[in-house]
Amino acid sequence: MAISNILKKFFGSKSQRDIKEVLPLLNKIREAYTQIEKLSNDELRSKTHEIRDYVLKSTNEKEKQISDLRGQVEAGTLDVELLEETYREIDRIEKDMTGDVEKALTEV
């Protein structure tokens, strides 16, 4: 029991570490909120469209690649090995897109 108390003093409890990790993000959100709070409804809608367009633009190229690969699959001209490889490539691109969206949202 005493060892856990000593460790908590040095390293903090799980909740204290979580709070310390989240606090910088919370401060950024509070700063952004003060700016957003000043916007009218129309300005807020416009800003939302800007953000959506920015995020979509970050994934346009990969969406095109996926569309091309799916077109090849639907054409039915690929043999089984290429078909499986194509599906793996689509999965890899989709995973990359998720990372791109996350990065774009973080930038915004």
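1. Start with how two helices meet. In this predicted model, the buried residues of helix α3 pack against helix α4. Helix α3 covers residues 41-75, and helix α4 covers residues 80-107. The buried residues in α3 are V55, T59, I66, L69 and V73, so it is worth colouring them before you read on.

2. Now look at the path of α3. The helix bends by about 45° at N60. Try finding N60 in the view: T59, one of the buried residues of α3, carries the number just before it.

3. Which residues does T86 touch from its place in helix α4? Setting aside neighbours within four places in sequence, T86 is in contact with L69, V73 and L78. Two names here should look familiar, since L69 and V73 are among the buried residues of α3. These contacts are a nice place to see α3 and α4 packing for yourself.

4. Is T86 buried or exposed? Its relative accessibility is 7%. Buried means under 20%, so T86 counts as buried.

5. Compare that with Q72, which belongs to helix α3. Q72 has a relative accessibility of 38%, and therefore counts as partly exposed. The reason is that this value falls between the 20% limit for buried and the 50% limit for exposed.

6. What does Q72 touch, once its neighbours within four places in sequence are left aside? The answer is T77 and L78. Notice that L78 is also in contact with T86, so you can use L78 as a landmark when moving from one residue to the other.

7. The end of α3 deserves a glance too. Just after this helix, G76 takes a positive phi of about 75°. From Q72 you can also look along the chain to E107, 35 residues away in sequence. The C-alpha atoms of Q72 and E107 are separated by 34 Å.

8. Finally, please have a look at the largest pocket, which holds about 360 Å³ of space. It is lined by 13 residues, and those closest to its centre are A32, Q35, I36, I51 and V108. The elements giving two or more residues to this lining are α2 (14-37), α3 and α4. Helix α2 gives the most, with five residues.

9. What kinds of residues line the largest pocket? The lining divides into eight nonpolar, two polar and three charged residues. As a friendly exercise, pick out I36 and I51, which are among the residues closest to the pocket centre, and decide which group they belong to: as Ile, they count as nonpolar.

Technical notes: Residues are numbered from 1 along each chain as its sequence is written. This is a predicted model: local features need pLDDT of at least 70, side-chain atom pairs count only at pLDDT 80 or more; totals for chains, interfaces and linings use all residues. Side-chain values use heavy atoms; hydrogens and water are left out. Helices (H or I, at least four residues) and strands (E, at least two) are DSSP runs, numbered from the N terminus. Buried means under 20% relative accessible area, exposed over 50%, partly exposed in between (1.4 Å probe, protein chains only). Contact means heavy atoms within 4.5 Å. The bend at a residue is the angle between axes fitted to the seven residues ending there and the seven starting there. On a 1 Å grid over the protein atoms alone, a cavity is a set of points where a 1.4 Å probe fits but cannot get out, and a pocket is an open set with protein on both sides within 12 Å along at least five of seven lines; lining residues have an atom within 4 Å of a point. Grid points are joined across faces, edges and corners, and a volume is the space filled by probe spheres set on the points.
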